[in-house]
2 protein chains.
Amino acid sequence: MTTIEVPAEGVTISGAAELSGLSVDTLRYYEKEGLSLRRPERSASGQRRYTEEDVRWLGTLVMLRRTGMPIRDIRRFVDLYRVEGSEPERMAILEAHREHVLVELAAVQTHLAAINRKIDHYKKMVNG
Amino acid sequence: MTTIEVPAEGVTISGAAELSGLSVDTLRYYEKEGLSLRRPERSASGQRRYTEEDVRWLGTLVMLRRTGMPIRDIRRFVDLYRVEGSEPERMAILEAHREHVLVELAAVQTHLAAINRKIDHYKKMVNG
DNA sequence: ACTTGACCTGGAGTGCGCTCCAGGGTGAAT
DNA sequence: ATTCACCCTGGAGCGCACTCCAGGTCAAGT
């Protein structure tokens with residue numbers, strides 16, 4: 001729960017991009033797709049200003065995306081955030097996703113073991 | 001190194017699909033993209049007949065794909081198979097890929113930990 | 001003889017997740 | 001006054017990995 005360096009006025013979209021590791025285009029794309037918890041505030045001239053909370057939410061999006069959750073599933077998750085008392089459903093989605101990730105992880109690890117065996121095989125050929 | 005159930009005459013494309021877990025269309029697509037080690041033999045009427053070796057190679061393709069290697073990288077790897085004495089290069093590709101997979105795996109595991117924390121958080125909210 | 005089902009080819013279509021672009025606004029610095 | 005960097009929007013474009021389709025061949029069963 002570290003406080004990220006976001007001043008009270010908020011950061012620009014490029015600042016938020018840098019902090020989240022996403023691109024500016026992706027940030028606007030996610031917003032268009034309804035993945036923002038709340039639309040970021042705008043400056044007097046209409047530019048987005050991301051608060052610390054906004055940036056933390058981007059971290060959640062990255063967490064879900066990088067573990068393979070499709071955009072449309074994330075949208076369903078975000079939509080629940082706007083529903084009072086939907087905590088059990090949100091938790092259920094996360095738990096289902098966790099299962100998914102664990103299965104995927106196990107599969108990749110199995111294939112990784114096969115890669116290692118193949119490398120060992122080559123090592124023996126090349127050296128021995 | 002289990003011997004898979006492939007008769008000497010070879011199996012049809014649908015058989016190979018079933019054995020490899022890929023779809024018939026994907027098998028033809030991979031072949032078109034130059035991922036087959038050697039084109040499978042054909043029956044008198046021009047149908048593909050996959051030998052046990054062909055099916056094992058499909059296993060290698062699945063291993064590489066499911067660990068995230070792009071088609072074009074796999075093609076470069078396959079191309080080396082047709083070059084005499086390219087074992088060191090093939091090994092290098094596999095080793096580089098392994099590093100890639102390990103990095104990806106670590107990232108996913110980090111995000112998984114964050115998912116677990118979020119779930120725990122909800123658990124406390126819902127129960128406590 | 002005919003129906004059925006599995007196979008063939010070349011090529012078009014699809015879904016996803018961005019990524020880029022044109023055309024325009026704003027505000028600070030020179 | 002103009003240059004510059006950065007921002008805005010709506011919409012087009014792209015790369016990837018399939019997936020589907022039309023139109024046809026062939027072998028086996030009824």
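Me: Where in chain B does B:Gly68 lie?

Reply: B:Gly68 lies in the loop between H3 and H4 of chain B. Helices (DSSP runs of H or I, at least four residues) and strands (runs of E, at least two) are numbered from the N terminus. The model is a predicted one: local features need pLDDT of at least 70 and side-chain atom pairs count only at pLDDT 80 or more, while totals for chains, interfaces and linings use all residues. Residues are numbered from 1 along each chain as its sequence is written, and chains are lettered from A and ligands numbered from 1 in the order in which they are written.

Me: Why does B:Gly68 count as partly exposed?

Reply: A residue is buried if 20 or more other C-beta atoms, placed from the backbone, lie within 10 Å of its own, exposed if 12 or fewer do, and partly exposed in between. B:Gly68 has 13 C-beta neighbours inside 10 Å, so it is partly exposed. The backbone of B:Gly68, just after H3(B), takes a positive phi of about 90°.

Me: Which residues does B:Gly68 touch, not counting those up to four places away in sequence?

Reply: B:Gly68 touches B:Val101 and B:Glu104. Contact requires that the C-beta atoms of two residues, placed from the backbone, lie within 7 Å. B:Gly68 and B:Ala96, 28 residues apart in sequence, are 12 Å apart from C-alpha to C-alpha.

Me: What makes A:Val55 partly exposed?

Reply: A:Val55 has 19 other C-beta atoms within 10 Å, and therefore counts as partly exposed. A:Val55 is found in helix H3 of chain A. The C-alpha atoms of A:Val55 and A:Leu19 are 7.3 Å apart, although 36 residues separate the two in sequence.

Me: How is the span of helix H3 of chain B set against the expected one?

Reply: The expected span of a helix is 1.5 Å times one less than its number of residues. H3(B), residues 52-66, has 15 residues and reaches 21 Å from its first C-alpha to its last, close to the 21 Å expected.

Me: Which residues of H3(B) are buried?

Reply: B:Asp54, B:Trp57, B:Leu58, B:Leu61, B:Met63 and B:Leu64 are buried. Their cover includes H5 of chain A together with H1, H2 and H4 of chain B.

Me: How does the radius of gyration of chain A stand against that of a compact globule?

Reply: The radius is taken over C-alpha atoms, and the globule rule is 2.2 Å times the number of residues to the power 0.38. For 128 residues a compact globule would have a value near 14 Å, but chain A has 20 Å. The C-alpha trace of chain A spans about 70 × 35 × 25 Å along its principal axes. Buried residues make up 19% of the 128 residues in chain A. Chain A holds five helices and two strands, in the order α-α-β-β-α-α-α along the sequence.

Me: Why is the relation between chain A and chain B called that of a two-fold axis?

Reply: Copies are superposed by least squares on the C-alpha atoms of residues with pLDDT of at least 70 in both. A turn of 180° and a shift of 0.0 Å along the axis lay chain A on chain B with an RMSD of 0.0 Å. That is the relation of a two-fold axis. In chain A, the C-alpha nearest the axis belongs to A:Leu105, 3.7 Å from it.

Me: How do you know that the copies meet through the same surface?

Reply: Of the interface residues of chain A, 100% are also interface residues in chain B, so the copies meet through the same surface. The contact takes 26 residues from each of chain A and chain B. On the side of chain A, helix H3 (52-66) and helix H5 (87-127) each give two or more residues, and H5(A) gives the most, with 23 residues.

Me: What makes a residue one of those that surround DNA strand D?

Reply: The C-beta atom of the residue, placed from the backbone, must lie within 6 Å of the strand. For DNA strand D, 18 residues surround it, and the closest are A:Thr12, A:Ser14, A:Arg48, B:Ser45 and B:Ile71. H2(B) supplies the largest share of this surface, three residues.

Me: Which residues are closest to DNA strand C?

Reply: The closest to DNA strand C are A:Ser45, A:Ile71, B:Thr12, B:Ser14 and B:Arg48, among 18 residues that surround the strand. H2(A) gives the most to this surface, with three residues.
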